[in-house]
Amino acid sequence: MSWTDWTSGDWLGKWMPQWTPPTTRVPDAITEKMSRLIDVFGFSPAGFLNNVVSTAAVSLVGRQLETRIGGEEVRFVLDALRVEPTRYGPLVGQFGVVEAEVHDARWRDRRVARLRVRAGNVHIQPEVPTMLVAAPVELSATLDQAEVASLVSKARPGVVVTLADGIATAAMEGRERWGHIEIAPELRGDTVRLQPVALVVRGRRLHSLARLIPGVEFRLPAAPHNGRFDRVVVEGGRLLIDAVVDEWREPLQPTQLQDLERRLRRSGGGLFLLQRAPAS
């Protein structure tokens, strides 16, 4: 990657005039880190990335976006994007915590009602190719009643699952008046098991009989970037599933950022494509 790559076109001309040196002396440790980045890029590109992200946070909120994750095309609506780096962070490629919230995430025939992402220690790693790194990345997905019912019906036809007031129940379709089973969700790797804990018949809760009833299981989509699921709970009338990725690494190319900045300036409304760097 050369100095020319980062200074081609109107990329440098648009953003460089907006940068002003800090009024106080930059600490020696930060100066040394800036020097290492400059050795790779010709100058620090992190300030440019910070401006692009700030622009995206304003321009893309409320828009439907599309990207590829794990080989799947995913569409979602961005609700919020928050980046709060430290004072000198962007100068040396350190962005701290980045948080995003989306709703109505869809891929194939699956849907996540809400998704919250919290990426910690987000930073640029000067190597070839340049990498944008976050560690860890915490994800919290919310599945609504309809999605859970769809997953269960595929795994166990004829079983109706209801989520309400933090309690999950299951009953046979068409025989709901006969009684129902209270079930507790458990994680087993990438599988959610709905384990019976009480059989409820005419208001009576029978725990011993519930142990004789087989549970219902459904598989979750694979967690991205070799992540793992670590919590599942019923909250209100929805199922919450948490996952964590120890480290997320994404290739970062100057042409990719330049294209994103240009499309942000030209975009009006409607679908916006978030194109990722091709695998090297």
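These questions and answers concern strand pairing, backbone geometry and buried residues in a predicted model.

Me: Over how many bridges do S3 and S4 pair?
Reply: Strand S3 covers residues 94-107 and strand S4 covers residues 110-125. Trp107 stands opposite Arg110 in S4. The two strands pair in the antiparallel sense, and the number of bridges is eleven.

Me: Which residue in the hairpin of S3 and S4 takes a positive phi?
Reply: Two residues lie between the strands of this hairpin. One residue in the loop between S3 and S4 has phi near 50 degrees, a positive value in a residue other than glycine. That residue is Arg108.

Me: Is Arg202 buried or exposed?
Reply: Arg202 lies in the loop between strand S10 (191-201) and strand S11 (204-206). Its phi is near 50 degrees, a positive value in a residue other than glycine. The cut-off for an exposed residue is over 50% relative accessible area. Because the relative accessibility of Arg202 is 84%, the residue counts as exposed.

Me: Which residue in S6 does Arg116 stand opposite?
Reply: S4 is joined to strand S6 (residues 137-143) by six bridges, and the two run antiparallel. Opposite Arg116 in S6 stands Ser140.

Me: What is the bridge partner of Gln125 in S5?
Reply: Strand S5 (residues 131-134) pairs with S4 in the antiparallel sense over three bridges. A hairpin of five residues joins S4 to S5. In S5, the partner of Gln125 is Met131.

Me: What is omega for the peptide bond from Ala135 to Pro136?
Reply: Pro136 is found in the loop between S5 and S6. The peptide bond from Ala135 to Pro136 is cis, with omega near -5 degrees.

Me: Is Ala171 buried or exposed?
Reply: Ala171 is found in strand S8 (residues 167-172). Residues up to four places away in sequence aside, Ala171 touches Gly158, Val159, Val160, Glu176, Gly179 and His180. A residue under 20% relative accessible area is buried. Because the relative accessible area of Ala171 is 11%, the residue is buried.

Me: How many residues are in the largest nonpolar core?
Reply: Val152, Val161, Leu194, Phe218 and Leu239 touch the most other members of this core. Not counting residues up to four places away in sequence, Val152 touches Pro157, Val159, Val161, Leu194, Val216 and Phe218. Apart from the largest core lies another, of 13 residues, among them Leu49, Val122, Ile124 and Leu252. The number of residues in the largest nonpolar core is 36.

Conventions: Residues numbered from 1 in each chain as written. Predicted model: local features only at pLDDT ≥ 70, side-chain atom pairs only at ≥ 80, totals over all residues. Heavy atoms only, no water. Pairing = 2+ DSSP bridges. Helix = DSSP H or I, 4+ residues; strand = E, 2+ residues; numbered from the N terminus. Buried < 20%, exposed > 50% of the residue type's maximum accessible area, 1.4 Å probe, protein only. Contact = heavy atoms within 4.5 Å. Core = buried A, V, L, I, M, F, W, Y, C linked by side-chain atoms within 4.5 Å.
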